Amino acid sequence: MKTYKLNLLAICTVVLLFMACKKDKTGREPLPEGRVTFDVPASTDVVARDFDIRNVSVVSVEMKAALQGSSSSDVHYVTFATDTTKIADYKLKYGNTALLLPTKSYLYYKPTVAIAAGANLSEAAVLNLSFQTTLQPFSTYVLPLTIASIDGIPQDPKTRKVVYYVFNTKEPRYMSHAGYTPTATASSTFGTNVASRAIDAATGTTFWASSNTVPLPQFLTIDYGRNVTFPGLDYFFPTALTAANGAQTTSAKVETSIDNITWTDKGTYAINVNNTARMHTITLPSLTTARYLRFTILAANPYVASATITYNIGFVGGILLLN
């Protein structure tokens with residue numbers, strides 16, 4: 001009987017030691033519901049900013065979690081997340097014209113952050129924004145964000161704090177041609193790749209190609225249907241053509257005209273389309289007003305048709321005027 005009691009006592013001691021060790025390793029001071037919230041004024045649930053959609057870049061947005069009341073003796077981990085279902089609530093409160101920020105326009109680079117022991121404010125979580133030029137101008141985009149979990153414990157979707165990050169867009173990167181239909185002609189054409197394909201909505205997948213029997217220089221002329229004022233343009237190269245195919249434009253000249261008779265030389269530019277967007281931005285010497293634009297491909301890498309055949313040919317996937 002004595003041996004049995006000793007064995008039982010030993011087992012209980014081991015269990016208690018195990019539980020104590022486990023608590024020391026993972027246990028944290030429990031936080032009552034509502035103690036952790038966004039680091040924004042209690043009087044608002046909106047964080048608004050203007051959003052430049054004229055330039056392609058990665059924009060980082062930071063947010064922090066705040067521990068209400070006294071600081072904790074333990075570190076706590078907070079995970080932010082989007083809750084796109086809350087866009088309906090935003091529209092009811094602030095206006096039905098708001099748009100949900102598209103999924104491709106944002107990515108949580110750092111969604112989980114720590115509130116250090118003895119602190120009341122977390123390090124910054126980071127949300128990266130991109131694809132700005134695909135957004136509509138003069139619009140309100142909303143991304144509802146929430147605290148999804150604290151110390152790995154999911155928060156109740158019905159009661160957890162939601163803050164609406166609002167992005168107000170201004171002028172677009174490119175000039176609108178609403179009410180006008182630009183037309184295009186070219187010095188030569190290869191097959192079905194006619195001039196109009198350089199001014200359709202697809203800047204990379206459809207294109208104008210100059211004749212493979214007529215050497216460069218070759219040019220494309222665009223009629224915008226009325227006088228337009230612009231500081232420059234973006235030239236796009238077809239995305240289907242790789243470096244191995246060649247034909248990348250290396251030099252081009254830009255001319256403008258009011259009447260399609262008298263032309264003004266706006267400069268010759270070195271072109272580099274070896275980037276993800278397959279695009280090169282040309283900034284003109286000064287703000288220009290014109291109805292017609294002529295884009296002349298002066299030089300390009302040889303187009304490799306086969307192991308033994310190359311062509312001297314030019315491609316324009318798209319030309320868009322900058323605002």
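Start with the whole protein chain in view and check its radius of gyration: 30 Å, where a compact globule of 323 residues would come in near 20 Å. Keep in mind as you go that this is a predicted model. Now orient the view along the principal axes; the C-alpha atoms fill a box of roughly 110 × 55 × 30 Å.

Switch to cartoon and colour by secondary structure. You'll get 2 helices and 22 strands. Draw the contacts next, keeping those with a separation of 6 or more: 75% of them are between residues 24 or more positions apart.

Turn on the surface. About 17,200 Å² is exposed, and carbon and sulfur atoms supply 58% of that. Colour by burial instead and 39% of the 323 residues count as buried. For charges, select the 27 positive and 21 negative ones; their mean positions sit 6 Å apart.

**Aromatic stops**

Hide the surface and show the Phe, Tyr and Trp rings. How many aromatic pairs does a search of the whole structure find? The count is 8. Zoom in on F51 and F167: the ring centres are 5.6 Å apart and the planes meet at 50 degrees, so this pair counts as tilted. Now bring the cartoon back around them. F51 belongs to strand β2 (residues 46-53) and F167 to strand β12 (residues 162-172), so the pair ties together parts that are 116 residues apart in sequence.

Are these two rings' residues buried or exposed? Both fall under the 20% cut-off for buried: F51 has 4% relative accessibility, and F167 has a relative accessible area of 1%.

Next, select F207, F237, Y303 and F315 together. Ring pairs link these residues into a cluster, so give them sticks and one colour of their own.

**Last stop: T256**

Which strand holds T256? Go to β16, residues 249-257, and you'll find it there. T256 counts as buried, at 4% relative accessibility.

To see what surrounds T256, leave out residues up to four places away in sequence and select its contacts. Among them are the aromatic residues F230, W263 and Y292. T256 also touches T262, T264 and T288, along with K266 and A290. Show that set as sticks with T256 in a contrasting colour, and you have the neighbourhood of this buried residue on screen.

Terms used: Residues numbered from 1 in each chain as written. Predicted model: local features only at pLDDT ≥ 70, side-chain atom pairs only at ≥ 80, totals over all residues. Heavy atoms only, no water. Helix = DSSP H or I, 4+ residues; strand = E, 2+ residues; numbered from the N terminus. Rg over C-alpha atoms; globule rule 2.2 N^0.38 Å. Buried < 20%, exposed > 50% of the residue type's maximum accessible area, 1.4 Å probe, protein only. Contact = heavy atoms within 4.5 Å. Areas by Shrake-Rupley, 256 points an atom, 1.4 Å probe, with all protein chains shown as cover. Lys, Arg positive; Asp, Glu negative; His and termini not counted. Charge placed at Lys NZ, Arg CZ, Asp CG, Glu CD. Phe/Tyr/Trp six-rings, centres within 6.5 Å; stacked < 30°, edge-to-face > 60°.
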